[in-house]
Amino acid sequence: MLLREVEYAKPGSVADALAILREHDGARALAGGQTLINVMKARAASPDVLVDLNGLDDLKGIELAADGTLTIGAMATYTDVLASAEARARPILGEVCATIADVQVRNRGTIGGNVCSNDPTNHLPPLMAAVGARMTIAGESGERTVDAHDFFLGVYLTAVGPGELLTRISVPAGKQDGFAAVTLGADGTCIANAAASIDGGRVRVALGCVDAVPVVVTADGPEGVGAAVDAANLMPPFDVHASSEYRGHLARVLAIRAAEQAAGRS
Amino acid sequence: MSTTTIETAPAEVVAPQKTWSGQNVPRKEDKRLTQGEGVFVDDIKRHGMGYIHFVRSPYAHAHITSIDVAKAEQTKGVYGTLTGEEVASLTDPFFQLSTPPGAYLKDYALAVGKVRYVGEAVVAVVAETRELARDASELVEVEYEPLDAVVDARKAQDDDAPVLHDESGSNLMWEGVFEWGDLDAAFAEADKIVKIDELHFHRFNSTPLETDGALVEFNRGTGQWTLYTNNQFPGFAQIMMGPAMRCGLDKLRFVTQDIGGGFGNKITSHPQLVACCLLARKLNRAVQWTEWRTDFHMSMSHGNERWFHDTEVAVKNDGTLLGFRTKALDDAGAWLRYEPLGGVIWAQVTPGVYKWRHIRLDFTQVATNKAPCSPNRGYSRMQHLWFTERVMDIVAHELELDPIEVRKRNYIKAEDMPYETPNGCIYDSGDYEKMLDVATDLIGWDGIEQKRAEAKERGRLLGVGIGSTLDSGTNNFGQSRLINPELQFSGNNEVATVKLDIFGEIVVTLGTTPQGQGHETTAAQVVADILGCSIDDVHVRAGHDSYWNSHAGFSGTYASQFAVTGLSAVKGATDMLVEQIKRLGSVVLGGVPEEALELAEGTVRIKDNPEAALPFMACGAIINANNAGLPEDLDVTLNCRYVYRPPFQLPDLERKFGNLTLTYASQIHAAVVEIDPETGYYEIVDYAAVDDCGVRIHPQIVEGQVMGATAQALGAVTHEAYEYDEEGNLLTPNFYDYHVPHALDMPPLRTGYIETASPFTPLGTKGMGEGGGAGIHAVCAALQDAMRGHGDAIVYDSWNPYKRVWEMLNARGAVVTVEPA
Amino acid sequence: MSSVASSKTVTVTVNGVEYEREVEARKLLIHFVRDDLDLTGSHIGCDTGNCGACSMLVNGQLVKSCMLLAIQADGATIETVEGLADGGELTRLQQSFSDHHALQCGYCTPGMLMSATALLREHPSPTDEQIRKGLQGNICRCTGYWNIFEAVKAAGA
C-alpha cells in the first residue's frame, strides 16, 4: 500500500516527456494511474521516475476525420470517450468503456493506459484488435504507426519501447461491432471476453484473457466462428475463477455471441 | 436486476407517541458519521508515535532458521523491531481452550521457530512514518527452511501429512461425538435412507471495510497500557492477553469508539495487540498498527470451513425426516484462536428449524497451513444450518417432493414453542411456517412456473429456492465445557451504567463495542421510555472504555446479543435509577410514599398532584452538590451500575445436554436465479427476506441488519472465497479476486417480518444481526431447482461461482443414493 | 526541461482552505489528506483501489485518492466529506442517508457521500440504474446498498 521512493516529473510537452524517459532508465509513464499506482503499492514494480503525462493536453483529444477515422489521444480517459460526440461514430468504444470498473476509475483511467498495460484481462486490447485500430508511437526519431496485431507483444508488453510513448490510436470507420464478456461481478474484471467486428464480409474476433496477447480469428460469418476458435487451439491460463478448459469454453461461446452481436448491427 | 424494490410490511410511527421503543428514531451516531467526524482507530494520532509494519511469512510451512534485524534497525527513522524470540521470552503462550492434543499448541504474538501459514507475522518493524516502516521491513532478513504444507483438511490426518504443531503430535486439534435420541430406532422406522457422500461449506469471511488496528500507549510509571483499538470483544482479548503478558487485566485498558464493521472478524486480534503492547513498552513511545487489506485476507479470522461426510438421513415416504448422522470435518487453519469452540457452538441449533429428534454428529477439527479460523458472522451455526437446509432440499429432490411441503411437514410448529431440542436447547418462540408463507408470497411462488417458462424462451434456466435459518443469540459460555470440561467459563453477562448528573443530564455507558448496530440509539430508546423523558435528553457515550468500569468478563459486541444482554443491562441500570429517583423524591417531596410517585416529562412527581414535581436536574444537584440534611440511611447515588446475567445453568457434560443460547431469532429467505446454461453464469433476479427477532426496538436498524447479512450471504455463495493453491498460497488476497458485492450486483429485495416476543428476556427482544447465512441456503436451493431436468445436479458446496455451476450442468454434483431402509 | 524531483512543496485547496506542504513524490493523496492535513473523514479500506472509501472530488471530478499521488494534486481544488455540511447543518443528502438508514458503521459513508454528491451534480434526478452505476466504485459491507439507493434517490430533485 506504500510506494517505494520515486522521483516525479510533470512535463509540459511530449518532447519533454520523451526526453525524461530517454534520460532515466527506470522511468515509466504515468497515465491514469489506475493500474500503475496499484502495481507500485504492491511493490511488484518500482520505477525510479514517474513521468506524469496528465499535463499533455495534446494527447487528450478525440477527433473524427471526414473519412470516418476516429483518432483518440492516448491520454483520453474513459469518461472522455463516453462524453465525446465524435466517439459515437464507433459506438462499441463507449459501450465497452462504460462497463469498465466504476466512475472513479473511468475519470482517471486512459485509453492509452489500458492498451499499453496489456493485462490479459483488459477490455481494450481485444477490442482494438477486433476493430483494426492503429497505434501511433512517438520516439526520439519521430512517429511510427503500428497495427493492433503487431502492437500487443506479451503480458504487460507492447510495441512501445523504452523512451517512447503511445500518442494516439486511430480507429477506422465501422459500426458492426460486438463485445461479450463474463466478468467477476457486474462491471468487474473479465474472466473471459471477446470483441468482434465485421469488415468487408469477414468477421474478425479477438479473444482476451486466453493468452498473453489477444488471439485473433476470422471467419466468413458468425456461424464459422466456433470452428475458427477451435482451430486456434487455445491453451488458456487457469486461475481461481476458471480452469483452462472452462475459460476456453467461455471464449468460444463469447466469440460466437460477439460475432452475432456484430452481425446484428447495421 | 434493473430496479430495486423494497416492499416492507410497514413499521409505522405511532402518533401520539407512546414509547420510543418500536420507532425508527433518528440514529444518534449519524450526525458524526455523515460528516466524517467518526473516530476510527487509524484517525487517532499521538506525538512521536511509531508506525508498525509486520514482516510476514511467504511460506505456508517452514522452519525459521535465522532472523537478522540489524540492517532494519540501523536505518534512519526506524525506532525498533520485535522478533518471535523476544516475544517468547517476554510472554507466555496464549491460553488454549482445547483439550489435548490441541491444548499443547504454543501460540505467541509472533511466529516462534516456525511459520505455519502464508502471511503469518514474523517480525515487527516500527518507524517514524508508515513508509519508512514499510521500507525498513524489506531490510529484515529472514531465512526459512520450507516444509511441505497440508491445505486439504481431508488429508490432514493422513499418515504422511505434514504436522503443523510438534507439540500436539498430529493435526488433530479436537474431536467429539454428539448423539441424541435413538438413531437405530429412527433408521429402522425409516422408509428410506438418503445417503450424501460429501458436502462442503467453504472458507470466507465478512471483510469489514475497516481492517484491524490499534494505537497502543504504555505508561511506564503505572505499568498501564491503553489500547485504542477496534477489537470487538475486549473481555475475551483481556482474558487472553493478561496471562500471556504476565500482567493484571486492569493493566490493559481497551478504548474503542467507532468501528468500521466487525462481523466477528475483529475478535481475535489479540496476538497483534500483544505485539503492539510489547513494542510500546520497549520503545517507550506510542505505536500504531493498521492492518493492510491483503494482510487481513491472508491472516485474520477466516470463517470455519467444514466438510460433512457420509451423511445418512432417515426418511419416511411422506417426507417426514426422522433424523440424521454425519461426520463434520472442520478446518481450523494454523492456530486455534477462538477454536475449538466452533466444535460445540453449532449445537445451539442442532436440528435447525426442524423437529427431527435422532441426531448424531461426529465432529473432528484439524489444523492446516491456512489462516487461523475465528468467528465469522453466523459462527459455526451457519455451517450447520446450511447443512440442514441442503439435507431438506436433497431429500425433497431425491424423493420428488415439493420443498415447501417437506419444510412445512418438518418445521417445528409455533404451538410447540418454547421447544426443547434433542440436546436440550430451548427455542424461545417463532413461527416458521408463517414466515415461509410470507416469503413465498413476497417472491410470487405461485407464478414461478410461468416465470420459468418465460425464462426458458430467453434461453435461461430459472430456479427458486428457500433458505430457513436461525440466529441463536446470547451464548451460555458453559457450552465451552462440552469442548473442554476443565474450562472455567459459563453463563454470560453485560454491563451498563446510567446516571443522573448535576445538571440533570442522563448519561449512559455500555460495555459493548458497536460496529454500526446503533447501540447509542437503541439504548437511549429504552432509557427514555423507562424514565419518561425525551430521547434527546439521554446521552449514551460512544464506544467502550475499560476505565468506565462498565464492562465484565464477556463484554463486547458479538454473537447476536446486544438487544438481550446490552439492553437488559441498560434496563436493569435504569430501573435501579428509577427506584433511587423515587426514593429521593419521596424524601424531598415531604415523605410521600414511593408508590404514589411517577416519572414523567423529566421529573419525578406525585401522581395525584403532578404540580408537585422535582425535575431531574434538581435530583442530580441535590445528590451531587447539595446533600446536607438528607437522611443518613438514604441509599441514593443516582449512579447505577447493573450487570445483566441471563438465566443459564451448566450443561450436562455427560449427555451434552442443556440450554446453550437464550434466544432464537429466525429468518426465511427465498431466491430466484436465472442460469445461462451455455456459460454457467447466473443472476439472482428476485429475492425475499423475512425475519423474526422478537420485539423490535428500532425496526429500521433490525431491517438494516437483515439486509446486510443478506448481502454478505449473497456475496459468499456467488463469489467470495478464500481459496488456496496446493502450496498454501492464498489466491484471493485482495478485493480484485475476492469479489464482494458492489451496487450493480444487488438483486431486487423484498422484506417482511413477524414479531414473536421472547418469553425469556426482560424486553421480549431477541438478539439478531448475524443472520445465519439464509442467502447462501436459498441460492443453493435455487440453483439446484434451476438445474432440474438439466443435469439434475445436487448442489454440494456453499460456494457456487460460475465455473462450478457450469461443472454441475455438465455432470452431477454431490453423490447421493437412496436406499430402502 | 521539467524537473525530476523526489519531493515538492505542493499547494492544495481542500474544502475551501488552502494548505501548503512539502510532500514526498511517493505519498498517496489519501495519506496526505489524512496524515498531513489531519482530515481523517476520508478512509482507507483496501490496498488495490477497489473499495472507494477514499473517494473525493479533485477539481470537480470523483476519484479514488489512493490511486493519485499527492504531488499530482498540486494546485488542485479538493472536496472531501468534511466540506459537505455547513457548520454542523447536514446537507439534504447527509440527512437523507440518516433518514433511510443508509449507514451503519459509517466507514464507507464519506466515500459514498462524495460519490453520491458527484452523481447528483451530474444527474440531479437520477434513475435507479444511474444511482447503481454512480455508486459502483464504493464497497459497503454493512447495508447491502439498498437503503443507500433509496437515500440517494430521495435526495435528488
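Chain B and chain A meet through 23 residues of chain B and 25 residues of chain A. Keep in mind that this is a predicted model. Together the two chains bury about 2100 Å² between them, with carbon and sulfur atoms giving 57% of that area. Below you'll find that interface, then a spot inside chain B, then a domain pair within chain A.

**Where chain B meets chain A**

- Interface size can be put as a number: it is often given as the accessible area lost when the parts come together.
- Of the area that chain B buries against chain A, 25% comes from T679(B), K803(B) and W806(B), which is more than any other three residues supply.
- Charged side chains pair up here too, with five salt bridges counted between chain B and chain A.
- For one salt bridge to look up in the structure, try R4(A) and E138(B), whose side chains meet at 2.9 Å, N to O.
- Polar contacts also link the two chains, and the count across this interface is twelve residue pairs, both residues at pLDDT 80 or more.
- On the chain B side, helices α4 (130-137) and α20 (802-810) each bring at least two residues to the side that touches chain A.
- The largest share of that side is four residues, and they come from α4(B).
- Sorted by class, the side of chain B that touches chain A has eleven charged, seven nonpolar and five polar residues.

**A closer look at H669(B)**

- H669(B) is part of strand β27 of chain B, which covers residues 661-675.
- Is H669(B) buried or exposed? H669(B) counts as buried because its relative accessible area is 1%, and the cut-off for buried is under 20%.
- The side chain of H669(B) makes a polar contact of 2.8 Å with the side chain of Q667(B).
- Another polar contact, at 2.7 Å, joins the side chains of H669(B) and Y687(B).
- Leaving out residues up to four places away in sequence, H669(B) touches a list of residues that includes G465(B), I466(B) and G467(B), plus Y687(B), A688(B), A689(B) and V690(B).
- Also among the residues that H669(B) touches are T710(B), A774(B), G775(B) and A778(B).

**Domains 2 and 3 of chain A**

- The domain assignment splits chain A into domain 1 (7-52), domain 2 (59-171) and domain 3 (177-263).
- How far apart do the C-alpha centres of domain 2 and domain 3 of chain A lie? The answer is 20 Å.
- Their contact takes 22 residues from domain 2 of chain A and 21 residues from domain 3 of chain A.
- These two domains bury about 1600 Å² between them, and 63% of it is on carbon and sulfur atoms.
- T121(A), P126(A) and A130(A) supply 30% of the area that domain 2 of chain A buries against domain 3 of chain A, more than any other three residues.
- One salt bridge turns up across this domain interface.
- If you click on R90(A) and D177(A), you'll see side chains that meet in a salt bridge at 2.7 Å, N to O.
- Polar contacts between domain 2 and domain 3 of chain A come to six residue pairs, both residues at pLDDT 80 or more.
- From domain 2 of chain A, α4 (91-97), α7 (124-131) and β8 (152-154) each supply at least two residues of the side that touches domain 3.
- Which element gives the largest share of that side? It's α7(A), with six residues.
- By class, the domain 2 side that touches domain 3 of chain A has 14 nonpolar, seven polar and one charged residues.

Conventions
Residues are numbered from 1 along each chain as its sequence is written. Chains are lettered from A and ligands numbered from 1 in the order in which they are written. This is a predicted model: local features need pLDDT of at least 70, side-chain atom pairs count only at pLDDT 80 or more; totals for chains, interfaces and linings use all residues. Side-chain values use heavy atoms; hydrogens and water are left out. Contact means heavy atoms within 4.5 Å. Buried area is the accessible area (1.4 Å probe) that two parts lose on being put together, summed over both. A salt bridge is a side-chain nitrogen of Lys or Arg within 4 Å of a carboxyl oxygen of Asp or Glu. A polar contact is a pair of N or O atoms within 3.5 Å; within protein, one must be able to donate a hydrogen and the other to accept it, and residues adjacent in sequence count only if both atoms are side-chain atoms. Ala, Val, Leu, Ile, Met, Phe, Trp, Tyr, Cys and Pro count as nonpolar, Asp, Glu, Lys and Arg as charged, and the others, Gly among them, as polar. Buried means under 20% relative accessible area, exposed over 50%, partly exposed in between (1.4 Å probe, protein chains only). Domain bounds come from an automatic or database domain assignment.
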